[in-house]
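These are my notebook entries on a single chain, kept in the order in which I looked things up. I began with charge, went on to overall form, and then turned to rings and backbone.

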Amino acid sequence: MKEELNDKNNGDKNIKVPDAENPYRLLDLKLTKVEDWAAGVPAVVAAFSDLIEEKTLVRGTKALFKMNQAGGFDCPSCAWPDPDDERSALGEYCENGAKALAEEATTKKITADFFKENSVFELSKLDDYQIGKMGRLSDPMYLPKNGTHYQPISWDDAFKKIAEHLNALESPDEAAFYTSGRTSNEASFLYQLFAKEYGTNNMPDCSNMCHETSGTALRPTIGIGKGTVTLDDFYDTDVIVIIGQNPGTNAPRMMSALSRGKKNGAKIIAINPLPEAGLMGFRNPQEINGVLRSGVKLADLYLPVKINGDMALLKALEIILFELEKKNPGKVFDYEFIKEKTTGYDAYLKQFDDYNLDDLALLSGVSKELLYEAAEILAFKKRIIVCWGMGLTQQPNGVDMIQEILNILLLKGSIGKPGAGVCPVRGHSNVQGNRTMMIDEKPTAEQLDRLQAFYGFNPPRTHGYDVVRAIKAMHEEKIKVLFCMGGNFLSATPDTTYTASALRKLNLTVCVSTKLNRSHLVHGQEALILPTLSRSDIDIVNGEAQFVTTENSMGVVQSSKGILKPVSDNLINETQIVCKMAMATLGSKSVVNWQKYHDSYDAVRDDIEKCIPGFENYNVRAREKGGFYLPNAARHGQFITKKFGDRVPFTLTSIPNNALAPDEYLMATTRTHDQFNTTIYGLDDRYRGIKNERRVIFMNQNDIEKAGLKAGDKVDLFNYDDDIERIAPLFIVVKYQIPEKNAVTYFPETNVLVSVNNVVKDSNMPASKYVKIKIKKHDPKIYEKINQL
């Protein structure tokens, strides 16, 4: 088997299969310079290196110049918006977008012969990087009960198999329908429509793991669960605060907007446990300054907050702002805005009698001097944008922290006006559009009423399972069929051992995918892989090339039309997969004309506009250059909530207790620069100085010494939540600039340490940025214990 994979893996000679007795492996870690700037010429070189590696330089380069361009296709990576004005002729993409495209445009493919030659067991011994480098899936595959190898299956038989399982369930709620953020608006709308007509709201999705917290915090306060700013606001603002977010890796094109705002006079405050390169500087490879010189310094001020010290930091800033307001009455706070647009100000003000600035500074890990400097930047400015990512949303008190950010903006009157507001930086390219299309386990009564009025069936009203609840329901055998529309469910979710056990209890798992991933190899009693077109592929329906639409993180809906010839003639687009599943499962019982949707994306859009507000004249506006903005009342200073009417409440929050035992550390999981979500493009983390390794743990030098360790030591990591021992073995200690008692590792390698019960209050998201761990010197016998687990 080892020789077969090493010889037949599409020419990649670097893949080695680990031994069954020790599935964990260390490579040859090399430490390089930690960078204080991002992008530049190295980013361009890395982007085109991936095209060469995937044997698609000509084909891929052609596609790059159509990605994020009018008439082209939307980047399959992050959801950062494209400029409303003219887009760069040199390219509207970043390094990670190019890497994502390279893996879509690759000429390598996985055929039925590959699965015939390689068992599921042997493939499962590979890591996620190795699995992802196999190439594009070309044919539908089926794994029978007790089978060892996937085998080819016709599309018709695949849909019959799905229908048999779904129709055999005692209740529709024994099925769950997962969605990743790449799914188009059209496919997402039909997917949720099918689930509801089938009879369930079990629609866990990737929002449940990334920005559910943002929506949970914003909907009851400002009336909408989205950001309130546009890209143009970044160009003309006074202050941009970036907290718990790393633009250089997670949304590299964001750095262009930050650079443009900086050139126009904006100050930037960066708040993060790690001094990320993308927060510090930017070398734009499309400008002479970015190629030959030092580029643009981004952060004017960096605050090295402790993991989950953000709440203490925010309250400390508020105390200082109150001090400055007393010294400068009416010049720091916007009392007119507070009076006309908010409620609860007096109660909010009273809480500060109980807080002490020295204590808050200590809890935050940031000195009072830096806190005063940050407050003075904010004090006399009104146009303030606050951006955040999963550094906040995956904290246990993430909802509270976002609402505390909102408190500061309310004091300043810095929301609902040009150059000011909130900006949750979304991850996957249509994760926000999925929600707009009603991919939601908690649909509102208004949404369901509109569907019922238009289609004539009564959709289920009971809330369904989110990701965490779905995992538990699978473990309890309450869910028996899991259908995944994209994504890599196992590698994305917490508590890997527990989740894998839950997946193996299912009767059937179905994965709609472009590439092989871990979730194909840890499966139910039966399993299906349904290969689909990618964002960049030409999609022909009835002889005509189609386009789909997506929504970016600032609420712009735009068209996306692939240009590449698909690697296989046996791929079906996601929209038709849903329609064929619906027709096979529901048959004559359905009141929906699925064949009409199967044959026409325009027909899908015609009916979306009748069911979802804001999509009037959808087919016309979707064809306009640049697309169209969805309604966003909060962007224009209109805040409409059920509880508070047209006012935004000040929210009362508390300081968390982050006490640790002497041998405990707070660990946050993060991605490398060679990674997007669970997709791993390479084994380097260029900006953090890591080359050829992922199993590393970043630690403060003082912590390393106190633990009796040294940089380069091999260690095992443990978590004991729920009185269960969770183990992630064989990591290398790396000294890094990080607060004491904090540690950072990569996911999915340490998802095994994140308890399924370690969740964010109210949003029920996994709190993957807040994991209490213990670190011990590596014990080679640890594998025996893991095998027992």
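Entry 1, charge. I counted 96 positive and 103 negative side chains in the chain, and I found the centres of the two sets 2 Å apart. I note here that the model is a predicted one, and I read every entry below with that in mind.

Entry 2, overall form. I looked up the secondary structure next, and the chain holds 33 helices and 33 strands. The radius of gyration came out at 25 Å, close to the 28 Å that the globule rule gives for 789 residues, so I recorded the chain as being as compact as a globular protein of that length. Along the principal axes, the C-alpha trace spans about 75 × 65 × 55 Å.

Entry 3, surface and contacts. Of the 789 residues, 64% count as buried, while the chain exposes about 28,400 Å², of which carbon and sulfur atoms supply 51%. I then took the contacts with a separation of 6 or more, and residues 24 or more positions apart account for 79% of them.

Entry 4, a covered helix. I checked helix α4, which runs over residues 95–105, and found 11 of its 11 residues buried. The buried residues include Glu95, Lys99, Glu103 and Glu104, and I listed Ala98, Leu101 and Ala105 among them as well.

Entry 5, aromatic rings. Which geometry do aromatic pairs such as Phe322 and Phe333 have? Before answering, I noted that the count comes to 29 aromatic pairs. Phe322 and Phe333 form an edge-to-face pair, at 5.0 Å centre to centre and with 90° between the planes. Phe322 sits in helix α16 (residues 310–327), whereas Phe333 lies in the loop between α16 and α17 (335–341), 11 residues apart. Both Phe322 and Phe333 are buried.

I then looked up Phe698 and Tyr746, which also form an edge-to-face pair, here with 5.9 Å centre to centre and 80° between the planes. This pair links distant parts of the chain, since Phe698 belongs to strand β29 (residues 696–699) and Tyr746 to strand β32 (residues 742–746), 48 residues apart. Both Phe698 and Tyr746 are buried.

Returning to Phe322 and Phe333, I traced the ring pairs outward and found that they link these two residues with Tyr335, Tyr345, Tyr348, Phe352, Tyr355 and Phe650 into a cluster.

Entry 6, backbone exceptions. Most residues other than glycine have a negative phi, and most peptide bonds are trans. I therefore searched for departures from both habits.

For the peptide bond, I found a cis one joining Phe747 and Pro748, with omega about 10°. Pro748 lies in the loop between β32 and β33 (771–777).

For phi, I noted Asn542, which has a positive value of about 50° although it is not a glycine, and which lies in the loop between β19 (540–541) and β20 (544–545). Asn764 likewise has a positive phi, of about 60°, without being a glycine, and I located Asn764 in the loop between β32 and β33.

Is each of these asparagines buried or exposed? Asn542 has 64% relative accessibility, and because the cut-off for exposed is over 50%, I entered Asn542 as exposed. Asn764 has a relative accessible area of 16%, and because buried means under 20%, I entered Asn764 as buried.

Conventions: Residues numbered from 1 in each chain as written. Predicted model: local features only at pLDDT ≥ 70, side-chain atom pairs only at ≥ 80, totals over all residues. Heavy atoms only, no water. Helix = DSSP H or I, 4+ residues; strand = E, 2+ residues; numbered from the N terminus. Rg over C-alpha atoms; globule rule 2.2 N^0.38 Å. Buried < 20%, exposed > 50% of the residue type's maximum accessible area, 1.4 Å probe, protein only. Contact = heavy atoms within 4.5 Å. Areas by Shrake-Rupley, 256 points an atom, 1.4 Å probe, with all protein chains shown as cover. Lys, Arg positive; Asp, Glu negative; His and termini not counted. Charge placed at Lys NZ, Arg CZ, Asp CG, Glu CD. Phe/Tyr/Trp six-rings, centres within 6.5 Å; stacked < 30°, edge-to-face > 60°.
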